[in-house]
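Work through the exercises below with the sequence and the model at hand, trying each task before reading its solution.

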Amino acid sequence: CAAADLRGGAVSAGDAAEAAAIAAGTQSLREHPSLQHRFNMAPSDQCKTIFFVRHAEGIHNRDSRDLPHFHDNLTTTMTYWDAPLTDVGVGQCDKLAETVAAMPEPAELVVVSPLRRALHTAALGFHRNPNVTLPAPPPFVATELCRERIGRHTCDGRRNLTDIQAEYSFVDFSEISSEFDVMWHHHKEDQPSETASVGAAQRALRFLAWLSARPETRIAVVSHWVFFTHLFALFDDPSLHDKFGNAEMRKVVLCDGRIAPFQHA
């Protein structure tokens, strides 16, 4: 849940340190015996186009950049529980919506993390935006398979399902079984560390298998930087490992369980 502006923007010293730690730690994930998988970079006859989108700027992103002691103690306070977007983040969604509106072929499905910042980004980027004319929205499905890595940061906790459903009635939440955030309270993904979590990487593999089994061929996924870091760390291509900016979209091709290098959408 570290900070970043749009791709190419300023990154705070704390963010840079966290990014370096994640990059160093996740290199070891490809060798872990539980993370051996059938995915690779080769093309295939049956392919899906996946548009991976990181959520826009949340209040935790802003404060990790602007408050010098954020990473010392503030990041674990309830102030940041299921962190919302900032005004800057809402503006970043306008740029995302412009990109979506210009796509020659729209997504057939939007898959979204159930965390507030991802849902808000997905809504403004793909469903309805007061400042940008969007095409008719596709179906939306929320799944905890693509939520942020679960550690000590309260920004990564989820609100009660009833409250989320009331705010985002157009999203299908049937993939989420618990009213309360059982995962955050009882299933931490911090071993051997938060920056190289075997649990988060295993969940990323389950998510890729879930995507592969979907009938749609053009799917947008609105999720989180550290989760994406664990997902792409499982592949050797260095072009997959660059840090996501807030509200950045990247396109990859997923073919029979293989993933081809991304393009900036």
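**Exercise 1.** In this predicted model, determine which residue forms a salt bridge with Arg 250, and decide whether Arg 250 is buried or exposed.

*Solution.* Start from the side chain of Arg 250, which pairs with Glu 248, the closest N and O atoms being 2.8 Å apart. Next, apply the cut-off for burial, which is under 20% relative accessible area. Arg 250 has a relative accessible area of 0% and is therefore buried, and Glu 248, at 7%, is buried as well. A further set of salt bridges with shared partners joins Glu 144, Arg 147, Arg 158 and Asp 181 into one network.

**Exercise 2.** Find the salt-bridge partner of Arg 117, and explain why the pair ties together parts that are apart in sequence.

*Solution.* The side chain of Arg 117 meets that of Asp 156, with 2.6 Å from N to O. Arg 117 belongs to helix α4 (residues 116-127), whereas Asp 156 sits in the loop between β3 (140-142) and α5 (161-167), so the bridge links parts 39 residues apart in sequence. Finally, check accessibility: Arg 117 is buried at 0%, and Asp 156 also counts as buried at 0%.

**Exercise 3.** Establish which residues line the largest cavity, and classify them as nonpolar, polar or charged.

*Solution.* The largest cavity holds about 60 Å³ of space. Its lining consists of Val 100, Met 103, Pro 106, Ala 107, Phe 126, Leu 134, Pro 135, Ala 136 and Pro 138. Sorting these by class gives nine nonpolar, no polar and no charged residues.

Technical notes. Residues numbered from 1 in each chain as written. Predicted model: local features only at pLDDT ≥ 70, side-chain atom pairs only at ≥ 80, totals over all residues. Heavy atoms only, no water. 1 Å grid on protein atoms, 1.4 Å probe; cavity = no way out; pocket = protein on both sides within 12 Å on 5 of 7 lines; lining within 4 Å. Points joined across faces, edges and corners; volume = space filled by probe spheres on them. Nonpolar A, V, L, I, M, F, W, Y, C, P; charged D, E, K, R; others polar. Salt bridge = Lys/Arg side-chain N within 4 Å of Asp/Glu carboxyl O. Helix = DSSP H or I, 4+ residues; strand = E, 2+ residues; numbered from the N terminus. Buried < 20%, exposed > 50% of the residue type's maximum accessible area, 1.4 Å probe, protein only.
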